[in-house]
Amino acid sequence: MPEKHTFLEPSIQQETIESLSAKLLSTMTQLTETNQELQKMQMEKNEMLSNISHDLRAPITAIRSAVDYLLSSDSLSFDDYQQSLHLIDRRTRTLENLIQDMYYLFCVEDTSKKLDLQPIDAVPFLEEYFYDTMIDTLYDHHNLHLELPQDLHCTLNIDLQKIIRVLDNLFTNAVKYSAPGSDITLSATLSESYQQLTISVSDNGFGIPQSALPNIFNRTYTVSSSRTPNSNTGSGLGLAIVKAIVERHHGNVSCSSKEGVGSCFSFTLPCQQLPCPSNH
Ligand code: ADP
């Protein structure tokens with residue numbers, strides 16, 4: 001049987017060809033953008049792997065040198081032994097922190113691992129966190145403040161332990177990067193739509209150079225040009241962990257800072273407004 005062909009009117013043919021070309025063009029643009037995005041991710045991944053191997057190598061090299069030194073002679077003084085052992089102890093801790101933080105970050109970013117979400121009343125949660133922090137000896141030399149609006153009544157749907165980790169990282173940074181006697185303030189504000197809570201941890205510490213601000217949450221970035229983590233700083237992954245946790249809760253992170261004046265780290269979380277408690 002002869003094959004049956006359907007012929008379209010020339011004007012319809014023209015229209016179909018035009019709409020198909022437009023679709024093709026838009027698909028090609030999308031493909032190019034996705035490809036660029038993939039290349040960017042690949043570059044970030046390479047940079048991250050190179051930074052991680054550097055960060056791991058630095059303490060291992062220090063430990064290796066100390067061990068070689070201890071093995072090199074049998075006439076070392078007690079002080080020599082003590083100094084080398086303390087160095088090994090410090091660098092081992094650095095290594096442990098780095099590995100723990102790296103593992104934590106990979107777990108948080110693994111979307112196949114579900115968050116343990118539960119509805120939490122924002123005010124009691126923030127108050128409890130604040131008063132627990134106040135009695136922590138780490139903050140003995142800082143002045144802590146809590147600023148919550150009186151009419152703040154909302155529920156957050158959060159993985160409690162992970163949001164506590166966010167606050168912990170921001171608070172410990174505020175202590176690390178400010179002088180004793182400085183102020184650290186925990187505050188929260190509800191958006192006009194009542195659908196988003198912004199939680200901030202601010203300090204009047206050393207601040208961050210403007211040039212570093214756009215990269216501060218990037219895990220391949222450190223303010224200091226030397227990537228060697230030490231006891232004064234940390235694994236260098238604290239803010240990357242903050243960003244990863246907040247983004248898994250569909251929130252955003254931001255930072256404003258001025259050198260010599262202080263920093264304010266904020267994150268948003270979706271929330272639901274609660275009815276105001278009645279006065280009687
Ligand atoms: P780490 O503190 O382990 O180096 P983070 O990811 O927590 O890693 O922070 C990255 C960098 O951001 C820090 O090295 C520090 O330079 C800067 N930073 C973070 N928080 C503050 C802060 N509150 N004040 C000043 N600088 C900060």
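A polar contact is a pair of N or O atoms within 3.5 Å; within protein, one must be able to donate a hydrogen and the other to accept it, and residues adjacent in sequence count only if both atoms are side-chain atoms. The model shown is predicted: local features need pLDDT of at least 70, side-chain atom pairs count only at pLDDT 80 or more, and totals for chains, interfaces and linings use all residues. Residues are numbered from 1 along each chain as its sequence is written, and side-chain values use heavy atoms, leaving out hydrogens and water.

**Figure 1. A polar contact links His142 and Ser178.** The two side chains are joined at a distance of 2.9 Å. His142 sits in the loop that runs between H3 and strand E2 (143-147). Helices (H or I, at least four residues) and strands (E, at least two) are DSSP runs, numbered from the N terminus. His142 is counted as buried because its relative accessibility is 9%. Buried means under 20% relative accessible area, exposed over 50%, and partly exposed in between (1.4 Å probe, protein chains only).

**Figure 2. Polar side chains meet the ligand.** An oxygen atom of the ligand lies 2.8 Å from a polar side-chain atom of Asn173. In the side chain of Tyr177, an N or O atom is 2.7 Å from an oxygen atom of the ligand. Asp203 faces a nitrogen atom instead: an N or O atom of its side chain is 3.0 Å from that ligand atom. Of the ligand's own accessible area of 520 Å², the protein covers 92%. Such areas come from the Shrake-Rupley method with a 1.4 Å probe; for residues, only the protein chains shown count as cover.

**Figure 3. The shell around the ligand draws on several elements.** Helix H4 (160-176), helix H5 (238-248) and strand E7 (262-273) each give two or more residues to this shell. The largest share, three residues, is that of H4. Around the ligand there are 18 residues, of which Asn173, Lys176, Tyr177, Gly236 and Leu239 come nearest. A residue is near a molecule or strand if one of its heavy atoms lies within 4 Å of it. Sorted by class, the shell has eight nonpolar, eight polar and two charged residues. Here Ala, Val, Leu, Ile, Met, Phe, Trp, Tyr, Cys and Pro count as nonpolar, Asp, Glu, Lys and Arg as charged, and the others, Gly among them, as polar.

**Figure 4. A nonpolar patch lies on the surface.** Tyr131, Met134 and Ile135 make this patch, which has an area of about 350 Å². Patches consist of residues with over 30% relative accessible area and no salt bridge; like charges are joined within 9 Å, and nonpolar side chains (Val, Leu, Ile, Met, Phe, Trp, Tyr) within 5 Å. Met134 belongs to helix H3 (residues 122-134). Its relative accessibility is 41%, so Met134 counts as partly exposed.

**Figure 5. Tyr194 has a positive phi, and so has His250.** Phi of Tyr194 is about 60°, although this residue is not a glycine. Tyr194 lies in the loop between strand E4 (183-190) and strand E5 (196-203). Tyr194 is partly exposed, as its relative accessibility is 43%. His250, also a residue other than glycine, has a phi near 65°. The loop that holds His250 runs between H5 and strand E6 (253-258). With a relative accessible area of 67%, His250 is exposed.

**Figure 6. Phe265 is part of strand E7.** Phe265 is buried, because its relative accessible area is 8%. Asn35 is 230 residues away from Phe265 along the chain, and 33 Å separate the C-alpha atoms of the two.

**Figure 7. Salt bridges pair Lys with Asp or Glu.** Side chains of opposite charge can pair when their charged atoms come close. A salt bridge is a side-chain nitrogen of Lys or Arg within 4 Å of a carboxyl oxygen of Asp or Glu. The structure has six of them. One joins Asp110 and Lys113, at 3.3 Å from N to O. Asp110 is partly exposed at 26% relative accessibility, and Lys113 is partly exposed at 40%. In another, the closest N and O atoms of Lys162 and Asp159 are 3.4 Å apart. Asp159 is buried, with a relative accessible area of 5%. Lys243 and Glu247 form a further bridge, with 3.5 Å between their closest N and O atoms. These two are four residues apart in helix H5, so about one helical turn separates Lys243 from Glu247. Lys243 is partly exposed at 29% relative accessible area, and Glu247 is partly exposed at 40% relative accessibility.
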